[in-house]
Amino acid sequence: MRARGVAAVLAGAVLVLAGSAPAGPPGQWSRLPGAVVNFAEPGLARTADGVLHVLYVRKSGPRPELVHLSVDAAGKVGPDAVAIGDWSSLSHPDLLRMPDGTLRAFMGGIRGRSSGLFTATAPASGRPWTLDPRRAAQSQYAYATSVTGAGLAKDGTPISAWSGTPGLFFHWGLDPADPDREIPPGRGCCLYWPEIAVDAVGGQAWLGFFSLEDDGRGLYANAIGPGGPEGGRRLAPGSVSGRSAAQPGNRTAITGRIGAPGVYLFYGQGYPSFGTLALWRVDTPRPHLLLRIDRNRHANVAAAPEGRLWLVWERSDAIYATRTNKAATRVGPTTRLPAPGGRTVYRLNGEGSAGPLDLFVNDGQGFWHRQVWPRLELRGSRSQGAIVFRVGDAGDPVAGATVKAGGRSLTTNAAGVATLRPAPRGPVRATATKAGYVAASATVR
């Protein structure tokens, strides 16, 4: 049974969304070249030209290799190339666009006689890649991390994070002579799936992670700075039930917003399976948006323009995506996509800074890509001999949308409103369209 009738709870009110919509605009899944392990996740960063750069670890006989490819603004996947080869072992990378427009990757690994956390750079074109011969942090144990987390401080300083049996660590900047900083451990082992997010307005950096420690299971966020952790770890509400917690199934889904305040964590609540999805601003007491979806998995989040957030998850090998309003307090209509090739979903990742969501699926053997567009909302009502149409994006008004109804073509104003006058008698079918969105239809009776 697939998820339908999704309910969102915010600020004490209940918003009932329509049933899952059909897939977005015409498009197909594209398989990325090469084989990957089932817990692989790509590093994603978009350059100023609108091109999305993708960096991932590909199997190449007994030795892994770091592979780069790009996706253009229309969602077309370009050719792949080996960025850096000749690794003995390699963790799954994170990727940043630096203030000067170049790309910088962080990954743990073993190469030659050197082990630890590495960093590599490329121009905005994504080629060629240059590996820094020095380690990017002091710890040689960083090679053993499963995934690497990375973020940019507000002043442009890169921050990296890794985890393993020795603990959870982060490093501020690129000088390996500077000390690594540690999140204080609890009792037992271990802390996993680190990721870094930074408040775009206030500048506070946060490290998100998952704990299986005996005295502190669940998902956490901890404020961090150049001198180390700032305050204690904050437990994501509902991420632990009693003393049990289910692993999130992805690198910790934590992000800042584009041009708006706050750092947000998106995750499943419940045990042994998730029954609810929660969007939590990590410096507040409780989630302000809940999606009641039973047996959800692989929740992830991506920043979008104007402070919006893309939310994605999987249920019964179908993938769901929706985008919030500018305040990140409610969601728009949900798009449902069958998993590529009907395969099992092992990881979900996405990047939404250009507006649409570039979605990546790991099916246990390789990566797949597809672009998802946000969906318009259209409502119409009769008033004093006219029909008033309202076009929205997760509740925010959409100006400049075209509404076709009653044989006429109308354009919405700054309030997202278009009026058909005089109104025809009987049911009127209307369609709203705008570039960058999936169209919406409604019948006014």
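The following exchange discusses a sheet, a core and aromatic pairs in a predicted model.

In this model, local features need pLDDT of at least 70 and side-chain atom pairs count only at pLDDT 80 or more, while totals for chains, interfaces and linings use all residues. Residues are numbered from 1 along each chain as its sequence is written, and side-chain values use heavy atoms, leaving out hydrogens and water.

Colleague: Which residue in β5 is the bridge partner of Leu44?

Modeller: Strands are DSSP runs (E, at least two residues), numbered from the N terminus, and two of them pair if DSSP finds at least two bridges between them. Four bridges join β4 to β5 (residues 52-60), and these strands run antiparallel. In β5, the partner of Leu44 is Val54.

Colleague: How many residues has the largest nonpolar core?

Modeller: Such a core is a set of buried Ala, Val, Leu, Ile, Met, Phe, Trp, Tyr and Cys residues joined through side-chain atoms within 4.5 Å. Buried means under 20% relative accessible area, with a 1.4 Å probe and protein chains only. Leu376 and Leu420 are among the residues with the most contacts inside the largest core, whose number of residues is 20.

Colleague: Why is the pair of Tyr56 and Phe367 edge-to-face or stacked?

Modeller: Rings of Phe, Tyr and Trp (its six-membered ring) pair if their centres lie within 6.5 Å; planes under 30 degrees apart count as stacked, over 60 as edge-to-face and the rest as tilted. The centres of the Tyr56 and Phe367 rings are 5.4 Å apart and their planes stand at 85°, so the pair is edge-to-face.

Methods:
Buried means under 20% relative accessible area, exposed over 50%, partly exposed in between (1.4 Å probe, protein chains only).
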